[in-house]
Amino acid sequence: MSKNGIDEIEILIRARYPIINIISWEEERVLEFLGAIGRKREKKVFSWSFNTGIVPLGTPPGSKQGVDPATKDPLQALNKVLESMEPALYVFRDFHPFMARNNYAIVRRLREVSESLKHSYKTLILLSPQMHIADELEKDITVVDFPLPDEQDLNRLLDRIID
């Protein structure tokens, strides 16, 4: 995998950038990568979607274990990130529709989350194939394009398939 985007994400997490927006169509690949960073940095990794709410990364779809239905609501999910005390990565999948300019509650809460997370060991990661960020959030969110697999990645994948 090309070192630029990958190394950049880990450096941003280590440097406590509060909100990182990863642009990628390859959700599973990004989640695998973030899970590895979580293990390496000894941080829990949670995933959010509108359908599941906040769950531990790797929770099978439809599982009730570790599910808090209240966190399906985007504002409640952001509140949960603020309330949590443990070092963690929170990966919010397809959150871009909620960051529209006219969604004042979400925009305001994201600005508060950004300020709060600067002084913590938590990172909010927004994972989406598209970038839609309200103007008010441009200084609070760091955008990174997740690189496509390089030749080395494809060779490893081919080796796994052959094995």
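In these legends Ala, Val, Leu, Ile, Met, Phe, Trp, Tyr, Cys and Pro count as nonpolar, Asp, Glu, Lys and Arg as charged, and the others, Gly among them, as polar. The structure shown throughout is a predicted model.

**View 1. Lining of the largest pocket in the predicted model, by residue class.** The residues that line this pocket divide into 8 nonpolar, 7 polar and 5 charged. The volume of the largest pocket is about 370 Å³, and of the 20 residues in its lining, Val55, Thr59, Pro60, Pro61 and Arg93 are the closest to its centre.

**View 2. Helix 2 and strand 3 at the largest pocket.** Helix 2 (27-41) and strand 3 (53-56) each contribute at least two residues to the lining, and helix 2 gives the most, with 3 residues.

**View 3. The largest nonpolar core and the elements that build it.** This core has 24 residues, within which Phe92, Phe95, Leu110 and Leu124 have the most contacts. Two or more residues come from each of strand 2 (44-49), helix 3 (74-83), strand 4 (88-93), helix 4 (104-117) and strand 5 (122-128), with helix 4 giving the most, 5 residues.

**View 4. The surroundings of Phe95.** When residues up to four places away in sequence are not counted, Phe95 touches Trp48, Pro74, Leu78, Ile106, Leu110 and Leu126. Phe95 and Leu110 are both among the residues with the most contacts inside the largest nonpolar core.

**View 5. Another nonpolar core, apart from the largest one.** Lying apart from the largest nonpolar core, this other core has 18 residues, including Ile6, Ile22, Ile125 and Leu127.

How values were computed. Residues are numbered from 1 along each chain as its sequence is written. This is a predicted model: local features need pLDDT of at least 70, side-chain atom pairs count only at pLDDT 80 or more; totals for chains, interfaces and linings use all residues. Side-chain values use heavy atoms; hydrogens and water are left out. On a 1 Å grid over the protein atoms alone, a cavity is a set of points where a 1.4 Å probe fits but cannot get out, and a pocket is an open set with protein on both sides within 12 Å along at least five of seven lines; lining residues have an atom within 4 Å of a point. Grid points are joined across faces, edges and corners, and a volume is the space filled by probe spheres set on the points. Helices (H or I, at least four residues) and strands (E, at least two) are DSSP runs, numbered from the N terminus. A nonpolar core is a set of buried Ala, Val, Leu, Ile, Met, Phe, Trp, Tyr and Cys residues joined through side-chain atoms within 4.5 Å. Buried means under 20% relative accessible area, exposed over 50%, partly exposed in between (1.4 Å probe, protein chains only). Contact means heavy atoms within 4.5 Å.
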